Amino acid sequence: WNDLSNSFWDAGNYGRALECLQRATEIKALHLPNEHPDLVNASVFIGRTLVEMGRCDEARPALEKALRSLVKTLGWNHAEVGSALEAMAALNLCSGDYEESKRNAVRSAEIFAAVLGKDDERYTLPLTELGRIALETGQDSEADRHFQEATRGIEKTRGRDSPATAWLLEQ
């Protein structure tokens with residue numbers, strides 16, 4: 001189900017991605033304790049998908065709970081916490097809280113850089129959020145810088161003609 005959801009996500013079909021994520025989470029819930037990082041991380045992906053669909057009010061409680069749980073279980077310097085912070089940055093941007101969005105995106109980028117390295121594809125996610133924030137606040141040259149860095153990272157990991165590269169170029 002997760003591979004399916006990634007394919008739908010990359011194609012911009014967030015409704016189908018959400019359906020797959022919800023089904024995958026139902027299956028995981030049958031076999032994992034409530035606080036297990038894999039199950040909690042599934043909530044992050046669902047919340048992030050809801051944000052992309054513009055359903056920010058639905059996403060907020062799940063993302064806040066997931067972030068608290070991941071920090072408690074894994075500590076602040078873990079890639080899954082970086083993913084949750086990136087999702088929170090997107091949520092904050094969706095609700096117009098640019099300062100909190102930027103704080104979460106910067107922290108997410110710092111975690112990914114420290115834990116995974118800047119060549120890891122996940123490092124590009126908070127860069128994209130920083131680009132969106134800069135665009136929303138009228139800082140076009142800063143936005144361009146973040147988007148260019150994210151695009152280089154995606155092209156390096158997925159290839160110049162991948163759906164992920166196309167998605168990023170549409171931002």
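The residues that line the second largest pocket divide into 4 nonpolar, 3 polar and 2 charged. The structure described here is a predicted model, and the pocket is taken as a starting point from which the helices are then followed. The lining is made up of N34, E35, L39, V40, S43, A62, K65, A66 and S69, and the elements that give two or more residues to it are α3, residues 37–52, and α4, residues 56–74. Helix α4 provides the largest share of this lining, with 4 residues. The space that lies in the second largest pocket amounts to about 170 Å³. In general, empty space of this kind is revealed when a probe the size of a water molecule is rolled over the atoms.

One of the lining residues, S69, lies in helix α4 and can be examined further. With a relative accessible area of 8%, S69 is buried, because any residue under 20% is counted in that class. Between the C-alpha atoms of S69 and T49 there is a separation of 19 Å, the two residues being 20 residues apart along the chain. Another lining residue, A62, can be related to I27, as the two are 35 residues apart in sequence and 18 Å apart in space when the distance is taken from C-alpha to C-alpha.

The overall arrangement is helical, since the protein has 9 helices and 0 strands, and the pattern read along the sequence is α-α-α-α-α-α-α-α-α. The radius of gyration is 15 Å, close to the 16 Å that the globule rule gives for 171 residues, and the protein is therefore as compact as a globular protein of that length. The C-alpha trace spans about 45 × 30 × 30 Å along its principal axes, and buried residues account for 42% of the 171 residues.

Helix α2, which covers residues 14–31, contains 18 residues and reaches 26 Å from its first C-alpha to its last, close to the 26 Å expected at 1.5 Å a residue. The buried residues in α2 are Y14, A17, L18, C20, L21, A24 and T25. Viewed down the axis of α2, these buried residues fall within an arc of 165 degrees, so they line one face of the helix. The general background is that an α-helix has 3.6 residues a turn, so residues three or four places apart point the same way. I27 also lies in helix α2, but at 29% relative accessibility I27 counts as partly exposed.

Helix α8, residues 140–158, can be described in a similar manner. Its 19 residues should span 27 Å at 1.5 Å a residue, and the end C-alpha atoms are 26 Å apart, which agrees with that expectation. Buried positions in α8 are A143, H146, F147, A150, T151, G153 and I154. Around the axis they cover an arc of only 165 degrees, which puts them on the same side of α8. On the other side of α8, by contrast, S141, R152 and K156 are exposed. The residue that follows α8 is G159, whose phi is positive, near 105 degrees.

For helix α7, residues 124–136, the 13 residues should span 18 Å at 1.5 Å a residue, and the end C-alpha atoms, which are 19 Å apart, agree with this value. Of these 13 residues, 10 are buried, so α7 is largely enclosed by the rest of the structure. The buried residues of α7 are T124, P126, L127, T128, E129, L130, G131, R132, I133 and A134. Just after α7, G138 takes a positive phi of about 75 degrees.

A further buried position is found in helix α6, residues 98–115, where N104 lies. N104 has a relative accessible area of 9% and is buried, because this value falls under the 20% limit. The C-alpha atoms of N104 and R55 are separated by 19 Å, and the two residues are 49 residues apart along the chain.

Methods
Residues are numbered from 1 along each chain as its sequence is written. This is a predicted model: local features need pLDDT of at least 70, side-chain atom pairs count only at pLDDT 80 or more; totals for chains, interfaces and linings use all residues. Side-chain values use heavy atoms; hydrogens and water are left out. On a 1 Å grid over the protein atoms alone, a cavity is a set of points where a 1.4 Å probe fits but cannot get out, and a pocket is an open set with protein on both sides within 12 Å along at least five of seven lines; lining residues have an atom within 4 Å of a point. Grid points are joined across faces, edges and corners, and a volume is the space filled by probe spheres set on the points. Ala, Val, Leu, Ile, Met, Phe, Trp, Tyr, Cys and Pro count as nonpolar, Asp, Glu, Lys and Arg as charged, and the others, Gly among them, as polar. The expected span of a helix is 1.5 Å times one less than its number of residues. Buried means under 20% relative accessible area, exposed over 50%, partly exposed in between (1.4 Å probe, protein chains only). The arc is that of the directions from the helix axis to the C-beta atoms. The radius of gyration is taken over C-alpha atoms; the globule rule is 2.2 Å times the number of residues to the power 0.38.
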